[in-house]
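This briefing covers selected features of the structure shown below. The topics are salt bridges, one strand and its partners, one pocket, and cysteines.

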Amino acid sequence: MLLRTLIRYKHAQERCAMVLFGRNRSDFVSCPPIVTLITRQQTTQTTGIAELLQNELSKFSYLHCHVPEVVQVCQRDMLVHENFITEEEEQILFEEVESKLKRHLRYEYDHWDDAIHGYKEIERSDWSDQSQPILQRVRRLAFPPGVPQLHLVHVLDLAKDGWIKPHVDSVKFAGNTIAGLSLLSPCVMRLVHNDNKAWVADVLLKPRSLYIMRDAIRYDYTHEILKTEESKFHGEEVPRNRRISVICRNEPPTSTTD
Ligand code: OGA
Ligand code: MN
């Protein structure tokens, strides 16, 4: 259901692909809001400022972006929690979804302008007793208490040669927050501002990490998963392989229309 509701950006991928080419590591702009995070009180404590800076920088090591404005928005609205689940938990989720995904014999390779290429997907609400607590942890972190959430969890299985083209999830079918667990292999998610294509950020999604995308990043930026040939982070290849995402979303506001 969800995939048919994505807003598609037909030629956006070609445009996006150009933006980061030719840049190198030294262009990387570190995070401007860090300075505001280090308070007078903290600096007078025994922890050195260099250590504080280092800690703050490593908190966002999943983010590669040359545009200070975008860095700032990502630090607020695109959070990645690495090692959010253990290898055992990853295995539990994988075995559960794999048994359902197996029923879809082949990956779907659609017409070139469809949003996703090389994928299988399912939506599930009846999770095993072992998986439920894991998904509860995701929901508790991503959604404040009382926020109505979509009951169905979306599972997207992307083949080694699959990719997701730039899109914004339909505002008709999902709310302001998208929380995705990554299983099996790393990939790079690229964010590009809807109106300013030079506003680009790359996000490294490692297996067992959880990303929480919300508000400005969810609405004002397209997101995409890069294909093998483009899958690089800080100029270094991030080899693509089969990757499964387990995605929780909240309900859209009742009056929203596309
Ligand atoms: C989607 C999507 C990202 C992911 O299904 O709309 O963007 O992490 N998925 O798989
Ligand atoms: Mn999406």
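E96 and R124 are both buried. These two residues form a salt bridge, and their closest N and O atoms are 3.3 Å apart. E96 belongs to helix α6 and R124 to strand β5 (residues 116-124), so the contact ties together parts that are 28 residues apart in sequence. The model is a predicted one, and every value below is computed from it.

**Salt bridges around R124**

- R124 has a relative accessibility of 9%, so it counts as buried, the cut-off being under 20%.
- D126 also forms a salt bridge with R124, with 3.7 Å between the closest N and O atoms.
- D126 has a relative accessible area of 52% and is therefore exposed, the cut-off being over 50%.
- R124 thus takes part in a salt bridge with E96 and in another with D126; E96 is buried, whereas D126 is exposed.

**Other salt bridges**

- The salt-bridge count for the model comes to 11.
- One of the pairs is E89 with R137, where the closest N and O atoms lie 2.8 Å apart.
- Because E89 sits in helix α6 (residues 87-101) and R137 in helix α7, this pair ties together parts that are 48 residues apart in sequence.
- E89 counts as buried at 17% relative accessibility, while R137, with a relative accessible area of 28%, is partly exposed.
- Helix α6 therefore contributes E89 to the pair with R137 of helix α7 and E96 to the pair with R124 of strand β5.
- R76, D77 and R214 are linked in a network of salt bridges.

**Strand β11 and its partners**

- Strand β11 covers residues 221-225, and 5 of its 5 residues are buried, so the strand is largely enclosed by the rest of the structure.
- Both faces of β11 are covered: on one side Y221, H223 and I225 are buried, and on the other side T222 and E224 are buried as well.
- Strand β8 (residues 187-193) pairs with β11 in the antiparallel sense, over 5 bridges.
- Within β11, Y221 is the bridge partner of H193.
- Strand β6 (residues 153-168) also runs antiparallel to β11, and 2 bridges join them.
- I225 in β11 is the bridge partner of I164.

**The second largest pocket**

- The second largest pocket holds about 170 Å³ of space.
- Its lining consists of S125, W127, Q132, L135, Q136, R139, H151 and V153.
- Helix α7 (residues 131-142) supplies the largest share of this lining, with 4 residues.
- By class, the lining of the second largest pocket comprises 3 nonpolar, 4 polar and 1 charged residues.
- Helix α7, which holds R137 of the salt bridge with E89, is thus also the element with the largest share of the pocket lining.

**Cysteines**

- The disulfide count for the model is 0.
- A disulfide is a covalent bond between the sulfur atoms of two cysteines.
- C187 is buried, with a relative accessible area of 0%.
- C248 likewise counts as buried, at 1% relative accessibility.

Conventions
Residues numbered from 1 in each chain as written. Chains lettered and ligands numbered in written order. Predicted model: local features only at pLDDT ≥ 70, side-chain atom pairs only at ≥ 80, totals over all residues. Heavy atoms only, no water. 1 Å grid on protein atoms, 1.4 Å probe; cavity = no way out; pocket = protein on both sides within 12 Å on 5 of 7 lines; lining within 4 Å. Points joined across faces, edges and corners; volume = space filled by probe spheres on them. Nonpolar A, V, L, I, M, F, W, Y, C, P; charged D, E, K, R; others polar. Salt bridge = Lys/Arg side-chain N within 4 Å of Asp/Glu carboxyl O. Buried < 20%, exposed > 50% of the residue type's maximum accessible area, 1.4 Å probe, protein only. Pairing = 2+ DSSP bridges. Disulfide = S-S within 2.5 Å.
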